[in-house]
Amino acid sequence: MEGVLVRKIKKICVFCGANSGKDVAFVNAAFHLGKVLGKRKIDLVYGGGKLGLMGCVSTAVAQHERQVLGIIPSAFTINNLVGETCGKEIKVATMQERLVMMMELSDAFIALPGGFGTLEELFQMISWAQLNIHNKPIGMLNINGFFNGLLSFVDHAVKQEFITPRARKILISATTADELVDKLQAFRFESDPALSKLKWSPSSSQKEKLDLTLRL
């Protein structure tokens with residue numbers, strides 16, 4: 001990336017399935033992503049536990065001697081529902097608290113294949129970026145075309161003028177882990193002039209505390 005100002009990324013939050021999926025390529029890609037993060041000396045923030053792709057990527061990062069932090073709702077730890085977290089673990093009360101903490105502790109976000117939970121986390125981060133709550137890069141690792149349909153839908157929403165071309169730039173995608181991390185490092189946030197005027201702190205005299213309950 002010669003000539004491009006590179007964003008310093010120390011921690012990446014990965015959203016992905018608690019299942020492994022039908023295609024073994026998903027598992028291989030999750031392990032490879034963890035390897036890439038480890039080689040680039042990037043620590044992992046994730047949803048905790050050891051199930052599915054979540055377990056694959058966290059195990060790979062830990063094997064490459066980088067820090068792993070699992071943020072997990074206490075409800076999931078009852079009866080060892082999701083298995084033991086690989087690395088340090090923070091327990092929270094709610095799913096919303098979990099996502100807020102992930103946002104605060106991470107420098108960027110990557111989505112691997114997953115289900116409704118993965119998509120909810122991904123689009124929550126995108127909508128918060130659009131609302132100028134954060135300006136951190138967000139990417140999808142599009143393994144074997146898994147996200148092709150979703151990307152087509154997003155582009156369709158742009159054509160139908162429900163998503164602006166500026167907001168569309170928030171979502172980055174790539175087919176390999178190295179390419180995606182490169183894109184995240186090169187990302188430059190372009191805020192909407194109107195939304196950039198939103199103030200998320202309760203008052204100028206108090207420490208800024210974000211109200212992240214607003215959704216699009």
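Leaving aside its neighbours within four places in sequence, V36 is in contact with A177, D178 and V181, where contact means heavy atoms within 4.5 Å. V36 belongs to helix α1; helices here are DSSP runs of H or I with at least four residues, strands are runs of E with at least two, and both are numbered from the N terminus. With a relative accessibility of 5%, V36 counts as buried; the cut-offs are under 20% relative accessible area for buried, over 50% for exposed and partly exposed in between, using a 1.4 Å probe and protein chains only. A much longer hop along the chain leads from V36 to L195: these two are 159 residues apart in sequence, and their C-alpha atoms are separated by 35 Å.

A word on the source of these values: the model is predicted, with local features needing pLDDT of at least 70 and side-chain atom pairs counting only at pLDDT 80 or more, while totals for chains, interfaces and linings use all residues. Residues are numbered from 1 along each chain as its sequence is written, and side-chain values use heavy atoms, with hydrogens and water left out.

Now for the partner of α1. The axes of α1 and α2 come within 7 Å and cross at roughly 30 degrees; axes are lines fitted to C-alpha atoms, for helices over the stretch in contact, and angles run from 0 to 180 degrees between N-to-C directions. That makes α1 roughly parallel to α2, going by a scale on which angles under 35 degrees are roughly parallel, over 145 roughly antiparallel, 65 to 115 roughly perpendicular and the rest oblique. On the α1 side, the contact is made by F26, V27, A30, F31, L33, G34, K35 and L37, and on the α2 side by L53, C56, V57, T59, A60 and V61. Sorted by class, these residues come out as 11 nonpolar, 2 polar and 1 charged. For that sorting, Ala, Val, Leu, Ile, Met, Phe, Trp, Tyr, Cys and Pro are nonpolar, Asp, Glu, Lys and Arg are charged, and the others, Gly among them, are polar. The crossing of α1 and α2 is right-handed, meaning that the near helix is turned clockwise from the far one by less than a right angle (anticlockwise would be left-handed).

A second helix pair is α4 (residues 95-105) and α5 (residues 116-130), which pack at an angle of about 60 degrees with their axes 11 Å apart. These two helices are therefore oblique to each other. From α4, the contact takes in Q96, R98, L99, V100 and M103, and from α5 it takes in E120, E121, Q124, M125 and W128. The tally by class is 5 nonpolar, 2 polar and 3 charged residues. The crossing of α4 and α5 is right-handed.

Next comes the sheet. Its 7 strands form an open sheet in the order β4-β3-β2-β1-β5-β6-β7, with parallel pairing; two strands pair if DSSP finds at least two bridges between them. The edges belong to β4 (88-92) and β7 (171-174), each with a single partner strand, so one side of each has no neighbour in the sheet. From one strand to the next, the twist averages 25 degrees. Helix α8 (residues 177-186) packs on the sheet and touches β1, β5, β6 (138-141) and β7, and its direction makes about 150 degrees with that of β7.

Strand β1 (residues 11-15) pairs in the parallel sense with β5 (residues 108-111) over 4 bridges, and C13 has F109 of β5 as its bridge partner. Strand β1 also runs parallel to β2, joined by 3 bridges, and I12 stands opposite L44 in β2. In β2, D43 and V45 point one way while L44 and Y46 point the other way, and all are buried. In a regular strand the side chains alternate between the two faces of the sheet. For D43, the relative accessible area is 10%, so it counts as buried. Not counting residues up to four places away in sequence, D43 touches K10, K11, I12, R66 and Q67.

Finally, two loop residues deserve a look for their backbone angles. Most residues other than glycine have a negative phi. Yet phi of K41 is near 60 degrees, a positive value in a residue other than glycine. K41 sits in the loop between α1 (24-39) and β2 (43-46), and counts as exposed at 59% relative accessibility. E65 also has a positive phi, about 60 degrees, although it is not a glycine. The place of E65 is the loop between α2 (52-63) and β3 (68-73), and its relative accessibility of 73% makes E65 exposed.
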